[in-house]
Amino acid sequence: MNRRKAETKADPMPERVEPCLALLASEPPKGPEWVHEIKWDGYRVAVHIEPASVRILTRRGYDWTHRFPAVERAAEALQPITMILDGEVVVLDDRGRPDFGMLQQALGGVGGMKTAAAAILYAFDLLYYDRRDIRALPQRERRQMLEGVFSSQRGAILLSEEVQADGAELLRVACEHGLEGIVSKNREKPYRSGSRSGDWLKITCSRRDSFLIVGFEPSEALPSAIARLLLAARRGGELVYVGGVGTGFSDKEAFALRKVLNEIATDKPAVSLKRKGVIFTEPVLVAEIQYRAWTHEGKLRHPSFKGLRSKADETDVYEVDAIGDSE
């Protein structure tokens, strides 16, 4: 393994390391100084490995070692060398894609305390190795050392593959396969804990489809405006609720939407939904929505309002039967 020999005494292992953060970008950067990886859809963790102990810490510093038993066992196999791995814990679906909903379910949902036996770790950086804090080294040197650690199979800890190729092409392939996007990293930069400096960039895949508006939640902060639109997709001859969207429109648009929707308010909901304070509308207006993915409950993940279509077009409204193919 190629690494610099320590010229001074051993560095103490940090109790916790703030992760380097990726800055959102609209497209992948170009140039020989950039490398690209898949953006994994899971929980960011740091795995601290010492001769007699392993700790798996969440981004906020919570010790979740016991919640990822397979990752813990794989980390123990790397002892006694000391190291800190930066990576993402994921659960893969039956097509080998990371599925955040499955990970949440495995952990018991919001507030749950279950262990995720199927969780694995994709390691993408090495921050501390063999009693040395190596965060000041450029990414290319840390990567070489990380690849040395993973020169052979490591069970539930896998190496996140790095691609020195066209980032736009990798993004296209990632999006086609239903992945979250890619992360691009500057090979010459150190690891900047807690920073969103632009040394790392994230470029996400987004989707855009049309959904019927079936109601809205009035705004409490802005009287005579909306807070959220309620959306539906088609399923055969009926409509099914797919969630609400509360971002993407300005205050001015929120007032204008409320005025339009008031005119088609109804006391006969087009979908089966029981929620206080909701005003239902006739399903005649179509909203264009950008979103990232679908949840396991059949709801839009991270939706954003992009505008109203001029009229409801039967063929343009999303068919819910396709959700399974779009997750």
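Which element supplies the largest share of the lining of the second largest pocket? Helix 2 does, with four residues.

The model is predicted: local features need pLDDT of at least 70, side-chain atom pairs count only at pLDDT 80 or more, and totals for chains, interfaces and linings use all residues. Residues are numbered from 1 along each chain as its sequence is written, and side-chain values use heavy atoms, without hydrogens and water.

Pockets were sought on a 1 Å grid over the protein atoms alone; a pocket is an open set of points where a 1.4 Å probe fits, with protein on both sides within 12 Å along at least five of seven lines, and lining residues have an atom within 4 Å of a point. A volume is the space filled by probe spheres set on the points, which are joined across faces, edges and corners.

| Pocket | Volume | Closest to centre |
|---|---|---|
| Largest | about 1000 Å³ | Lys39, Gly42, Arg59, Glu88 and Lys202 |
| Second largest | about 400 Å³ | Asp41, Phe100, Ala293, Trp294 and Arg301 |

Strand 11 (200-204) is one of the strands that supply at least two residues of the lining of the largest pocket, and its three residues are the largest share there. Helices (H or I, at least four residues) and strands (E, at least two) are DSSP runs, numbered from the N terminus. For the second largest pocket, helix 2 (100-106) and strand 17 (293-294) each supply at least two lining residues.

Elsewhere, Arg258 is found in helix 5 (residues 251-262). Its relative accessible area is 15%, so Arg258 counts as buried (under 20%, 1.4 Å probe, protein chains only).

Definitions and conventions
Buried < 20%, exposed > 50% of the residue type's maximum accessible area, 1.4 Å probe, protein only.
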